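Reader: I would like to learn how to read local features from a set of coordinates. Could we work through an example, taking one feature at a time?

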Amino acid sequence: MNHVPLRLERITDRDVHNDLILRLGAYRHVCDSYYLAVDESAQAGQNVADSLVRLLDQWGEHLQRLRLTGDTIFLPFDFSDQCTAWLRVSSPDGGQATVEAGWSSIEGWSFYPSDFTETAARVHDFKPVVNASVECDLGDLIAAVTQNREAFALHTNS
């Protein structure tokens with residue numbers, strides 16, 4: 001299996017600000033877990049680590065569907081007051097994929113991170129970040145997200 005350079009990490013010695021890092025290839029983005037911490041939906045986790053597990057569960061579900069159908073999907077990773085950051089994953093054939101980080105003007109407070117499906121379908125103003133993309137096998141990408149999810153799950157159970 002090829003290693004896909006995608007990972008969401010938590011810096012645990014900080015509160016809910018500047019405590020997450022998204023790594024995509026050489027690209028690094030520091031963001032907050034604040035909206036994960038205040039998510040009050042029925043699907044939300046009990047704490048930030050649980051909420052990160054839920055977020056990555058959703059990423060995995062969307063990627064599995066992409067594998068079956070081929071298309072373009074959006075996966076959120078940064079929720080801010082005036083915008084959100086997303087991964088745009090494009091796979092026309094359900095085999096190879098292009099993953100790009102970028103921004104949308106959709107506000108982070110306007111939806112729950114634990115249930116982003118409807119909002120992801122409304123990302124029409126995606127602006128990719130220059131040099132923040134990777135090409136990979138979609139199966140390897142799913143494996144990387146699953147491994148990232150399992151690392152958070154282990155942390156919540158310890």
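Reader: In which loop is the place of Ser114?

Author: Before placing anything, keep in mind that this is a predicted model. Ser114 sits in the loop that runs between β6 (96-104) and α3 (117-120).

Reader: Is Ser114 buried or exposed?

Author: Relative accessibility is compared with a cut-off, and buried means under 20%. Ser114 has a relative accessibility of 3%, so this residue counts as buried.

Reader: Which residues is Ser114 in contact with, leaving aside its neighbours within four places in sequence?

Author: With those neighbours set aside, Ser114 is in contact with Asp39, Ser41, Gln43, Ala44, Arg54 and Gln58. With one of these, Ser41, the contact is also polar, since the side chains of Ser114 and Ser41 make a polar contact at 2.4 Å.

Reader: How many disulfides does a search of the whole structure find, and why is Cys31 not bonded to Cys83?

Author: The test is one of distance, because a disulfide requires two cysteine sulfur atoms within 2.5 Å. A search through the whole structure finds zero disulfides. The cysteine sulfur closest to that of Cys31 belongs to Cys83 and is 11 Å away, which is too far for a bond. As for their surroundings, Cys31 counts as buried at 2% relative accessibility, whereas Cys83 is partly exposed, with a relative accessible area of 24%.

Reader: What is the order of the strands in the open sheet of three strands?

Author: Sheet order is read from the pairing of the strands, and here it is β1-β2-β3, with antiparallel pairing. The edges are formed by β1 (6-10) and β3 (27-31), each of which pairs on one side only, and the twist from one strand to the next averages 15°. Looking at one pair, β2 (residues 20-24) and β3 are joined in the antiparallel sense over five bridges, and Leu22 has His29 in β3 as its bridge partner. Across β1 and β2 lies helix α2 (residues 48-69), which runs at about 165° to β1.

Reader: Where is Asn18, and what is its phi?

Author: The sign of phi is the point to read here, together with the residue type. Asn18 has a positive phi of about 55° although it is not a glycine, and its place is in the loop between β1 and β2, where Asn18 is partly exposed with a relative accessible area of 41%. Asn131, another residue other than glycine, has a positive phi near 60°, but Asn131 lies in strand β7 (residues 127-137) and is exposed, with a relative accessible area of 70%.

Notes: Residues numbered from 1 in each chain as written. Predicted model: local features only at pLDDT ≥ 70, side-chain atom pairs only at ≥ 80, totals over all residues. Heavy atoms only, no water. Helix = DSSP H or I, 4+ residues; strand = E, 2+ residues; numbered from the N terminus. Buried < 20%, exposed > 50% of the residue type's maximum accessible area, 1.4 Å probe, protein only. Polar contact = N/O pair within 3.5 Å; in protein donor to acceptor, adjacent residues only side chain to side chain. Contact = heavy atoms within 4.5 Å. Pairing = 2+ DSSP bridges. Axes fitted to C-alpha atoms, helices over the stretch in contact; angles between N-to-C directions.
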